[in-house]
Amino acid sequence: MKYSICITHKNNHSTVERSLLSLLHQIDDSFEIVLVDSESEGYAKWVLDHYKDRHKLITQECSRGRGRQIAFENSTGDYIITNLDMDDYFKDSLKELLKLYHGKAEGNLLVALTYWEQKEPGTLQRARSFCTIVPRNLLAELGGFRDLQYAEDWDLWCRAAKARKYGWLFYPLVLRQRAPSIFIDPFFTRLKSSYTMQRDGIRI
């Protein structure tokens with residue numbers, strides 16, 4: 001395998017199947033998908049089991065950063081593609097992005113940023129999504145992903161920048177981001193999330 005797409009996932013019930021298929025439809029035998037699922041339930045678990053012959057599935061409850069590291073450790077590709085998560089859908093342009101990477105950023109960590117504004121009645125939604133491409137040996141030299149729930153990607157990018165191995169560009173890979181949830185998180189769930197975000201920010 002030349003490219004390993006390393007994904008973390010937990011309970012993206014409404015998007016996981018379309019998201020996964022949007023990747024599967026554009027890759028060939030030079031790619032593998034390594035997916036770490038943090039013990040999803042219901043329909044999301046069914047989808048991952050249904051397509052398990054087309055990706056390597058590892059089930060383990062963990063933080064986002066730890067999940068990315070587990071996926072990396074279980075991958076075989078010379079290049080790691082990460083931050084493609086199952087709450088986004090992807091345009092059929094991943095191979096074109098890789099050609100651009102090899103032509104302009106070979107040997108470095110490259111972040112491809114999709115940014116757009118979507119007008120809805122009475123609102124203006126701004127969204128960002130990322131794709132990170134990094135050689136396997138460089139990711140190992142940088143120390144991989146730390147056990148963080150938030151900003152684990154930012155933490156890695158900062159280390160790459162410090163090593164002068166970082167680059168970024170705008171690239172329209174993400175077709176659409178998930179719709180905002182209509183449910184309100186319970187108070188203690190939001191409190192825990194806020195605490196974890198502050199804790200990981202301090203650790204970084």
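Let me start with a term: buried means under 20% relative accessible area, exposed means over 50%, and partly exposed is in between, with a 1.4 Å probe and protein chains only. By that scale Phe170 is exposed, because its relative accessible area is 54%.

Now the ground rules. This is a predicted model, where local features need pLDDT of at least 70, side-chain atom pairs count only at pLDDT 80 or more, and totals for chains, interfaces and linings use all residues. Residues are numbered from 1 along each chain as its sequence is written, and side-chain values use heavy atoms, with hydrogens and water left out.

Confidence next. pLDDT is the predictor's confidence in each residue, from 0 to 100. The protein chain averages 87. Of the residues, 81% score at least 70. Residues 179-184 fall below 50. Beyond near neighbours in sequence, that stretch has one contact in the model, where contact means heavy atoms within 4.5 Å.

Back to Phe170. Phe170 sits in strand β8. Helices (H or I, at least four residues) and strands (E, at least two) are DSSP runs, numbered from the N terminus. Which residues join Phe170 in a nonpolar surface patch? They are Tyr115, Tyr166 and Trp168. Together the four have about 460 Å² of accessible area. Strand β8, residues 166-170, gives the largest share, three residues. Patch members have over 30% relative accessible area and no salt bridge; like charges are joined within 9 Å, and nonpolar side chains (Val, Leu, Ile, Met, Phe, Trp, Tyr) within 5 Å. The areas come from the Shrake-Rupley method with a 1.4 Å probe, and for residues only the protein chains shown count as cover.

From the surface to the inside. Is helix α3 largely enclosed or open? Largely enclosed, because seven of its ten residues, in the run 64-73, are buried. The buried ones are Gly65, Gly67, Arg68, Gln69, Ile70, Ala71 and Phe72. They pack against four strands and two helices: β1 (3-9), β2 (31-37), β3 (56-59), β4 (79-82), α5 (136-141) and α6 (152-162).

Look at β1 from the other side. Thr8 is in that strand. Thr8 is buried, since its relative accessible area is 10%. Leaving aside neighbours within four places in sequence, Thr8 contacts Val36, Arg64, Gly67, Arg68 and Asp85. The C-alpha atoms of Thr8 and Leu35 are separated by 5.8 Å, with their positions 27 residues apart along the chain.

On to charges. Side chains of opposite charge can pair when their charged atoms come close. A salt bridge here is a side-chain nitrogen of Lys or Arg within 4 Å of a carboxyl oxygen of Asp or Glu. The count comes to eight.

Take Arg68 and Glu152. Their closest N and O atoms are 2.8 Å apart. Arg68 lies in α3 and Glu152 in α6, so the pair ties together parts 84 residues apart in sequence. Both residues are buried. Shared partners join Arg64, Arg68, Asp85 and Glu152 into one salt-bridge network. Two of those names, Arg64 and Asp85, also came up as contacts of Thr8.

Two other pairs. Glu73 and Arg66 form a salt bridge at 3.9 Å, N to O. Glu73 is partly exposed at 47% relative accessibility, and Arg66 is partly exposed at 31%. Asp49 and Lys45 meet at 3.0 Å, N to O. Both lie in helix α2 (residues 42-50), four residues apart, about one turn of the helix. Asp49 counts as partly exposed at 30%, and so does Lys45 at 41%.

Cysteines, quickly. How many disulfides are there? Zero, with a disulfide taken as a pair of cysteine sulfur atoms within 2.5 Å. Cys62 is partly exposed at 22% relative accessibility. Cys158 is partly exposed at 38%.

Last, backbone. Most residues other than glycine have a negative phi. Asn11 has a positive phi of about 55°. Asn11 lies in the loop between β1 and α1 (16-24) and is partly exposed at 26% relative accessibility. Arg164 also has a positive phi, near 60°. Arg164 lies in the loop between α6 and β8. Arg164 is exposed, because its relative accessible area is 77%.
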